[in-house]
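Work through the exercises below with the sequence and the model open. Try each task before reading its solution.

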Amino acid sequence: MRELPPPSELFTLKQLAERHPTLLPENRLRWAVRQRRKNGLESSGCVFMSPVGELIFHEPTTLAWLLGLSGRAKPRTTRRQGAGT
């Protein structure tokens, strides 16, 4: 079992989305959690299971992962524009 980071750096999904509303919308975090086995979030050390069964996020590691600085094959790209542009 891996060691837990300091409690001041751990947040629930909802708390993390409230701390960074423009960078980490709640829907984006929920999608990442649902896909965590495929996208590498689970193995990156970002997510921990609390004793009550709730997922807890390590804020610095999660931010680095979502920004493409660690644990991903490449940084996120911008969305493609429509065919007319």
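A nonpolar core is a set of buried Ala, Val, Leu, Ile, Met, Phe, Trp, Tyr and Cys residues joined through side-chain atoms within 4.5 Å. Buried means under 20% relative accessible area, exposed over 50%, and partly exposed in between, with a 1.4 Å probe and protein chains only. The model is predicted: local features need pLDDT of at least 70, side-chain atom pairs count only at pLDDT 80 or more, and totals for chains, interfaces and linings use all residues. Numbering starts from 1 along each chain as its sequence is written, and side-chain values use heavy atoms, without hydrogens and water.

**Exercise 1. Find the largest nonpolar core and the elements that build it.**

Step 1. The largest nonpolar core has 16 residues. Leu29, Leu41 and Phe57 have the most contacts inside it.

Step 2. Assign the elements. Helices (H or I, at least four residues) and strands (E, at least two) are DSSP runs, numbered from the N terminus. Helix H1 (13-19), helix H2 (26-34), E3 and H4 each give two or more residues to this core.

Step 3. Inspect leucine 41. Contact means heavy atoms within 4.5 Å. Beyond four places in sequence, leucine 41 touches Ala32, Val33, Arg36, Cys46, Val47, Phe57 and Trp65.

Step 4. Set this in context. In soluble globular proteins, nonpolar side chains tend to be buried together.

**Exercise 2. Lay out the elements and the sheet.**

Step 1. Count. The protein has 4 helices and 3 strands. From the N terminus, the order is β-α-α-α-β-β-α.

Step 2. Order the strands. The open sheet runs E1-E3-E2, with antiparallel pairing. Two strands pair if DSSP finds at least two bridges between them.

Step 3. Find the edges. E1 (10-12) and E2 (47-49) each have a single partner strand, so one side of each lacks a neighbour in the sheet. On average, neighbouring strands are turned by 40 degrees against each other, direction ignored.

Step 4. Look at one pair. E1 and E3 (residues 55-58) pair over 3 bridges, in the antiparallel sense. Threonine 12 has isoleucine 56 in E3 as its bridge partner.

Step 5. Add the helix. H4 (residues 59-66) lies across E1 and E3, at about 80 degrees to E3. Axes are lines fitted to C-alpha atoms, for helices over the stretch in contact, and angles run from 0 to 180 degrees between N-to-C directions.

**Exercise 3. Is threonine 62 buried or exposed? What does its side chain reach?**

Step 1. Threonine 62 sits in helix H4. Its relative accessible area is 1%, so threonine 62 is buried.

Step 2. The side chain of threonine 62 reaches the backbone oxygen of histidine 58 at 2.8 Å.

Step 3. Outside four places in sequence, threonine 62 contacts Leu16, Cys46 and Phe57.

**Exercise 4. Characterise threonine 12 and proline 5.**

Step 1. Threonine 12 belongs to strand E1. Threonine 12 is buried, at 15% relative accessible area. Setting aside residues within four places, its contacts are Glu54, Leu55, Ile56 and Phe57.

Step 2. Proline 5 lies in the segment before E1. Its relative accessibility is 15%, so proline 5 counts as buried.

Step 3. Proline 5 touches Leu10, Phe48 and His58, leaving out residues up to four places away. The C-alpha atoms of proline 5 and glycine 45 are 9.8 Å apart, with their positions 40 residues apart along the chain.

**Exercise 5. What share of the 85 residues is buried?**

Step 1. Buried residues make up 35% of the protein's 85 residues.

Step 2. Check contact range. Among contacts with a separation of 6 or more, 48% join residues 24 or more positions apart.

Definitions and conventions: Polar contact = N/O pair within 3.5 Å; in protein donor to acceptor, adjacent residues only side chain to side chain.
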